[in-house]
Structures are given as C-alpha cells and as structure tokens.
Amino acid sequence: MANGGPVEHGFPHLDTVRSALTALYRRLSYDTVRSFEVSVAPADVAFADGDDLHLGAQRVARELVRHYRLPDARMIVGFREMTHAAQVELEAGPEYFIELNDRFRTHRWDIGAALAHEVMHVFLHRLDLAFPGTRDNEILTDTAAAYLGAGWLLLDAYREDGASSQKLGYLTPEEFGYVVAKRALVFGEDPSVWFTSPQAYTAYTRGLARARQDGREPPLTAAGWAGRRRYAHERRRAREHVGGGERAPEGVGYSFAPGGAGAERVSFPCPVCFQRIRVPVRGRVRARCGLCRTVLECDT
C-alpha cells in the first residue's frame with residue numbers, strides 16, 4: 001500500500017501480467033472465465049455513513065465470496081496496525097481470517113478494494129494456482145481480481161495529488177487499467193462509469209490504449225503501416241536466415257520458424273490470453289486460439 005509515498009507508474013510488470021492471464025485461462029478454462037461476465041456492482045460493496053464498521057466489512061466480504069463463487073468459505077474480518085493494506089491466513093478453511101490496516105477504519109469506501117485482493121488469495125489458494133516468488137504471486141492475485149470483475153475497486157482506490165497519495169495492490173495504476181480494459185474488451189463492459197477517483201479514470205484510459213494496441217500487432221490484419229512494414233522486413237530476413245532454427249526479432253512478439261516440407265510458420269501471442277499461436281506464413285489466414293477461443297484475422 002502506497003500511503004503518502006511515491007506511486008510507481010507505467011507498465012513495468014506487463015510480462016508477468018500477461019503470463020497471469022494465460023495461467024488463469026489454463027487453470028479455469030474458457031467456460032469458467034466467461035461465467036464471470038458481470039463485475040462487482042458499486043452498490044454491493046458500498047459503505048453508507050451509518051453502517052457499522054465490522055458488520056459492513058463482513059457484508060462486503062460475503063459479497064466478494066459470492067462473486068468469486070466460494071459459497072463454503074467464511075471470511076472473518078478484523079482491523080489492526082500494519083504496514084501492508086491487509087493480509088489473509090491461507091489455511092484449509094472453511095473459515096479464513098482477514099486483517100485490514102487500521103487506516104480503513106476511517107477510509108471505509110476502500111474496504112471493498114482491500115477485500116477484493118485478499119478474497120482472491122483464497123480463490124487462487126483453492127485452485128492451487130500460484131507463481132513462484134512473493135512479487136509475481138501478488139501480481140497474479142491483482143490480475144485475477146481485475147480480470148474476474150472485482151479489481152476495478154483496486155484501481156478506484158488510487159488517488160494522487162501534490163500533497164498525498166494512495167494506491168493498493170502491486171500493479172501500477174496503468175497496469176490495473178490495462179487488465180480492467182482487457183476484461184472490458186472481452187465482456188463488452190464500460191467500467192469507466194464506476195470510477196470515483198479522477199486519477200483512476202486517467203489510469204484506465206491509458207491502460208485501455210495499451211490493451212487496444214495488443215490487437216494491432218503483426219501479423220494481425222489490424223496492425224498499422226509501420227508494424228506491417230517491419231513484419232515484412234523481418235519475414236524476409238527469416239527466410240535468409242541460415243541454420244533452420246526459430247528466429248525471434250528483438251522488440252516484437254512474433255517469431256519465425258521453418259515448418260514441415262519447407263513451410264514457414266510464424267508464432268505470436270494471442271492478444272486476449274497471450275498463449276502462443278502458430279500459423280503458416282501464406283498471406284491471409286484465420287486463426288482460432290485454442291485457449292480463449294478468440295478468432296483472429298491474420299496477414300502472415
């Protein structure tokens with residue numbers, strides 16, 4: 001939790017975020033991911049002025065348990081002084097103890113954001129899905145929460161001005177915006193109407209621009225002129241490459257490799273789930289991602 005300190009910006013964790021999206025689709029399956037088509041509604045995790053702190057926190061926790069489809073899990077929420085925003089004890093269940101930073105006693109509107117992350121820890125624990133290392137595992141948790149419909153709360157908790165700052169989670173604001181936008185593009189949502197923080201809205205628009213760019217990379221037909229020109233150049237170089245191995249140009253997502261009977265193939269990440277797709281280099285082709293079932297128009 002950044003509380004008054006500097007907030008990191010940009011997309012420094014983008015590779016890990018994309019790996020997290022691939023892992024989520026692989027572990028859950030396409031059908032399960034699609035079952036999270038409705039995001040957490042603002043009204044369901046809101047705090048009224050007269051709400052009791054502990055009862056309200058338990059109510060929000062129950063709503064997130066329902067959203068993540070953990071019906072046999074019970075969250076016991078308490079508050080204490082700590083450095084981090086929150087923590088959860090990952091035991092066998094069915095009861096899980098979540099402790100929130102005392103800051104949330106007076107910042108109740110952000111309790112939903114903190115709980116969205118901690119309840120996702122329980123969700124992933126039950127799936128036995130984890131990344132090695134604390135940093136990457138926390139990025140996986142933020143990414144999963146955002147992509148499955150509750151992480152917009154974490155982005156909305158971001159506020160920054162000349163005198164103060166607040167950010168929850170391990171992703172930068174722009175990376176949260178990126179994942180929320182990736183979800184919005186798949187499910188046809190418009191989460192921008194839910195943001196109460198102007199800084200969160202700005203981060204979302206930047207993330208949305210980066211998310212849309214994923215669908216404009218060669219060999220996709222939506223790629224721009226400059227990208228298509230470099231792709232043609234790298235394709236020629238690959239054909240001249242001696243040794244027969246795969247050739248991955250620096251700074252791009254695609255790579256070329258010889259196929260059977262002399263047929264050349266290009267490999268590139270799916271712009272939705274980032275699983276690698278391989279198609280023959282033969283002009284216009286239509287590819288279907290076997291993981292997220294996205295149909296892609298390509299000009300190879």
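This section describes the pockets, a helix pair, unusual backbone geometry and selected residue environments in a predicted model.

The largest pocket encloses about 470 Å³ of space. Its lining comprises 21 residues, and R18, G253, P269, F274 and R276 are those that lie nearest the centre. Two or more lining residues are contributed by each of α1 (14–28), α8 (198–214) and β8 (264–269). Of the elements, α1 gives the most to this lining, with 5 residues. Classified by side chain, the lining of the largest pocket consists of 9 nonpolar, 5 polar and 7 charged residues.

One of the residues nearest the centre of the pocket, F274, also has an unusual backbone conformation. Its phi is near 70°, a positive value in a residue other than glycine. F274 is located in the loop between β8 and β9 (276–280). The relative accessible area of F274 is 12%, and this residue is therefore classed as buried, the limit being under 20%.

Enclosed space was examined separately. Rolling a probe the size of a water molecule over the atoms shows where empty space is left. The count comes to 1 cavity of 30 Å³ or more. The volume of the largest cavity is about 40 Å³. The residues lining the largest cavity are S39, A146, G149, G151, W152, V180, R183, E189, P191 and W194. By class, 5 of the residues in this lining are nonpolar, 3 are polar and 2 are charged.

Helix α1, which gives the most residues to the lining of the largest pocket, also packs against helix α7 (residues 173–187), with the two axes coming within 11 Å and crossing at roughly 35°. The crossing of α1 past α7 is right-handed. On the α1 side, the contact is formed by L14, V17, R18 and Y25, which meet E175, Y178, V179 and V186 of α7. The contact of α1 with α7 is made up of 6 nonpolar and 2 charged residues, with no polar residue. R18 thus appears both in this helix contact and among the residues nearest the centre of the largest pocket.

Within α7, the surroundings of V186 were considered further. Apart from residues up to four places away in sequence, V186 touches Y25, R34, Y147 and V272. Of these partners, Y25 is in α1. V186 and E37 are separated by 149 residues in sequence, yet their C-alpha atoms are 9.1 Å apart in space. The relative accessible area of V186 is 22%; because the buried class requires a value under 20%, V186 is classed as partly exposed.

Two further backbone features occur in loops. S29 is found in the loop between α1 and α2 (30–34), and its phi is positive, at about 90°, although the residue is not a glycine. With a relative accessibility of 31%, S29 counts as partly exposed. In the loop between α8 and α9 (225–240), where P219 is found, a cis peptide bond joins P218 and P219, with omega of about 10°.

Two leucine residues were also examined for their contacts. L100 lies in strand β4 (residues 95–101). Its relative accessibility is 0%, and L100 is accordingly counted as buried. With neighbours within four places in sequence left aside, L100 is in contact with V77, G78, F79, R80, M82, A85, A86, I111, A114 and L115. A57 is 43 residues from L100 along the chain, and the C-alpha atoms of the two are separated by 9.7 Å.

L70, in turn, is found in the loop between α3 (53–67) and β2 (74–80). Although situated in a loop, L70 has a relative accessibility of 6% and counts as buried. Its contacts, leaving aside neighbours within four places in sequence, are V65, V119, V122, F123 and R126. L70 and P94 are 24 residues apart in sequence, and the distance between their C-alpha atoms is 9.6 Å.

Terms used. Residues numbered from 1 in each chain as written. Predicted model: local features only at pLDDT ≥ 70, side-chain atom pairs only at ≥ 80, totals over all residues. Heavy atoms only, no water. 1 Å grid on protein atoms, 1.4 Å probe; cavity = no way out; pocket = protein on both sides within 12 Å on 5 of 7 lines; lining within 4 Å. Points joined across faces, edges and corners; volume = space filled by probe spheres on them. Helix = DSSP H or I, 4+ residues; strand = E, 2+ residues; numbered from the N terminus. Nonpolar A, V, L, I, M, F, W, Y, C, P; charged D, E, K, R; others polar. Axes fitted to C-alpha atoms, helices over the stretch in contact; angles between N-to-C directions. Left-handed = near helix turned anticlockwise from the far one by under 90°. Contact = heavy atoms within 4.5 Å. Buried < 20%, exposed > 50% of the residue type's maximum accessible area, 1.4 Å probe, protein only.
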